[in-house]
Amino acid sequence: MQRTHNRSEASRLDSERHLHPYTHPRKIEADGPVVIRGGDGIWVVDEDGNRYMEGLAGLWCASLGFSERRLADAAYRQMLELPFYHSFAGRVPEVTARLAAKLMDWSPLPFARVLFANSGSESNDAAFKLVHYYNNAKGRPRKKKIIARDRSYHGSTAVASAMSGLSAARKVFDLDIPGIVRISCPHYYAHGLPGETIEQFSDRLVEELEQTILREGPETVAAFIAEPVIGGGGVVIPPPGYYDGIQAILRKYDILFIADEVISGFGRLGEAFGSTVFGLKPDMITVAKMLSAAYAPISALYLSEDIYETIKQGSDTVGVFGHGFTYSGHPVAAAVALETLRIYEDDGILDHVRRVAPRFQDGLQALRDHPLVGDVRGMGLIGAIELAEQPALRKPFAPEKGVGAYFLGRALANGLILRAVPGDIITFAPPLIINEAEIDDLMSRVRLSLDETSTWLRQQA
């Protein structure tokens with residue numbers, strides 16, 4: 001399928017004036033962006049009229065697709081009623097209070113409060129701050145270190161980037177800051193030792209956590225942050241027994257558990273929360289993305305009773321809880337989020353995910369027979385294929401070959417938007433409303449793009 005693309009005025013202005021997130025500036029200068037003008041269900045449409053199936057729901061977030069009228073109407077009604085108000089100094093928009101209560105109905109555990117922000121990055125940043133606040137209030141000023149994992153992604157604010165395990169988020173920004181301690185990624189395909197079973201791999205990583213805590217000193221380690229399923233690092237699904245062992249170690253040394261559910265929250269894995277899927281009992285949970293189906297920026301941080309009570313004690317000392325943003329719990333974003341949760345309930349979105357997920361996962365697994373595919377993994381409506389030069393030996397392509405980038409270009413030409421992460425890992429997270437026919441269509445486009453990438457590689461040899 002040949003896609004047309006002309007350098008329009010919008011493309012020219014963008015390439016001259018816009019610094020794009022997570023994009024090489026030289027590429028934008030040379031080629032210009034794909035300018036998206038509209039959306040319809042799981043499809044987006046560029047300014048030339050080309051239609052693209054959105055295989056990553058934008059950035060893991062457009063759970064209800066790109067044309068849900070109920071969300072547009074909710075935003076419009078709220079704009080007319082109260083377009084802005086804050087939650088500082090004992091005031092709150094009514095809709096924000098209702099959203100806080102509704103989030104407790106969805107909560108996987110009996111949390112005490114939610115703290116609103118505007119992005120997953122900000123909520124993870126707030127979690128970091130509250131770890132410090134919590135231990136200062138408890139008289140433990142040395143207990144501040146955060147343990148995070150390789151290949152994790154927790155956002156792009158300074159501290160969230162520092163906690164992330166992707167070098168592009170930290171290296172050039174000098175964000176290997178003190179107090180962030182790194183442990184291994186639970187990616188068996190990439191890091192399992194020769195002859196090591198997946199159970200032995202899991203045990204080794206749990207042991208690594210304990211040895212790291214003992215090396216750093218348990219009195220200095222405050223929290224562990226983890227995505228139930230690592231998303232931006234390549235859809236890494238931890239092995240069986242991993243989280244049971246990890247949580248036992250955290251309890252043993254009185255270490256808080258922060259579950260980053262920015263991607264997994266609200267149905268991506270087939271349950272409302274990844275914490276339910278993996279039996280997690282975190283002290284804090286961060287959510288964003290699908291909270292509003294991406295129709296408005298909003299995030300939230302769930303807080304345990306213990307943390308909330310400690311915040312009250314700390315506020316007694318200084319006279320106020322000194323954290324917040326102008327747009328925390330913004331009424332328009334809150335109205336959109338509240339309507340999103342109602343749609344999930346009214347339309348049985350979680351039941352729908354559970355119905356179509358087997359078709360999606362079977363489609364991914366069928367790609368194992370392709371000569372470029374080294375590994376396939378996923379659950380619910382999230383997944384990844386990891387490309388390899390020699391799949392049987394788990395040998396990746398050299399990064400300079402740009403195999404993942406070439407595949408993405410072919411997918412785009414074939415009307416499919418996906419994303420590659422370092423290691424030539426192609427990630428999938430379609431809108432939750434995708435149906436089985438659309439899943440089959442998606443997989444056909446993937447296989448065609450893989451075949452075209454194979455042809456290109458043979459021509460390079």
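Where is the place of A89? In this predicted model, A89 sits in the loop that connects α4 (69–81) with α5 (94–106). Its backbone carries a positive phi of about 55 degrees, although A89 is not a glycine. Most residues other than glycine have a negative phi. A89 has a relative accessible area of 68% and is therefore classed as exposed, the cut-off being over 50%. A positive phi also occurs at A294, again not a glycine, with a value of about 75 degrees. A294 belongs to the loop between β9 (284–287) and β10 (299–303). Its relative accessibility is 38%, so A294 counts as partly exposed.

The interior was examined next. The largest nonpolar core comprises 67 residues, and those with the most contacts inside it are L103, F266, I385 and V446. Helix α13 (residues 331–346) provides the largest share of this core, namely ten residues. For I385, contacts beyond its neighbours within four places in sequence involve L364, L367, V373, D375, V376, D424, I425, I426, F428, V446 and L450. A second, separate core contains 33 residues, including W60, V421, I425 and A429.

Helix α13 consists of 16 residues and extends 22 Å from its first C-alpha to its last, close to the 22 Å expected at 1.5 Å a residue. Because 13 of the 16 residues of α13 are buried, this helix is largely enclosed by the rest of the structure. The helix is followed by G348, which has a positive phi near 60 degrees.

Helix α14 (residues 349–365) contains 17 residues; at 1.5 Å a residue it should span 24 Å, and the 24 Å between its end C-alpha atoms agrees with this expectation. The helix nevertheless has a kink of about 40 degrees at V356, located shortly before the proline P358. Buried positions in α14 are I349, L350, H352, V353, V356, A357, F360, Q361, G363 and L364. V356, the site of the kink, is thus listed among the buried residues of the helix. The buried residues of α14 pack against the helices α5, α13 and α16 (436–460), and against the strands β11 (373–379), β12 (382–387) and β15 (425–428).

Within α14, L350 was considered individually. With a relative accessibility of 14%, L350 falls under the 20% limit and so counts as buried. Not counting residues up to four places away in sequence, L350 touches W106, F266, G267, G270, E271 and A272. One of these partners, F266, is also among the residues with the most contacts inside the largest nonpolar core. The C-alpha atom of L350 is separated by 22 Å from that of G120, a residue 230 positions away along the chain.

Pocket analysis completed the description. The second largest pocket has a volume of about 770 Å³. Its lining is formed by 26 residues, and S87, V114, L115, F321 and H323 lie nearest the centre of the pocket. At least two lining residues are supplied by each of α5, β4 (113–117) and α12 (305–318). Helix α5 accordingly appears in two settings: it contributes to the lining of this pocket, and the buried residues of α14 pack against it.

How values were computed
Residues are numbered from 1 along each chain as its sequence is written. This is a predicted model: local features need pLDDT of at least 70, side-chain atom pairs count only at pLDDT 80 or more; totals for chains, interfaces and linings use all residues. Side-chain values use heavy atoms; hydrogens and water are left out. Helices (H or I, at least four residues) and strands (E, at least two) are DSSP runs, numbered from the N terminus. Buried means under 20% relative accessible area, exposed over 50%, partly exposed in between (1.4 Å probe, protein chains only). A nonpolar core is a set of buried Ala, Val, Leu, Ile, Met, Phe, Trp, Tyr and Cys residues joined through side-chain atoms within 4.5 Å. Contact means heavy atoms within 4.5 Å. The expected span of a helix is 1.5 Å times one less than its number of residues. The bend at a residue is the angle between axes fitted to the seven residues ending there and the seven starting there. On a 1 Å grid over the protein atoms alone, a cavity is a set of points where a 1.4 Å probe fits but cannot get out, and a pocket is an open set with protein on both sides within 12 Å along at least five of seven lines; lining residues have an atom within 4 Å of a point. Grid points are joined across faces, edges and corners, and a volume is the space filled by probe spheres set on the points.
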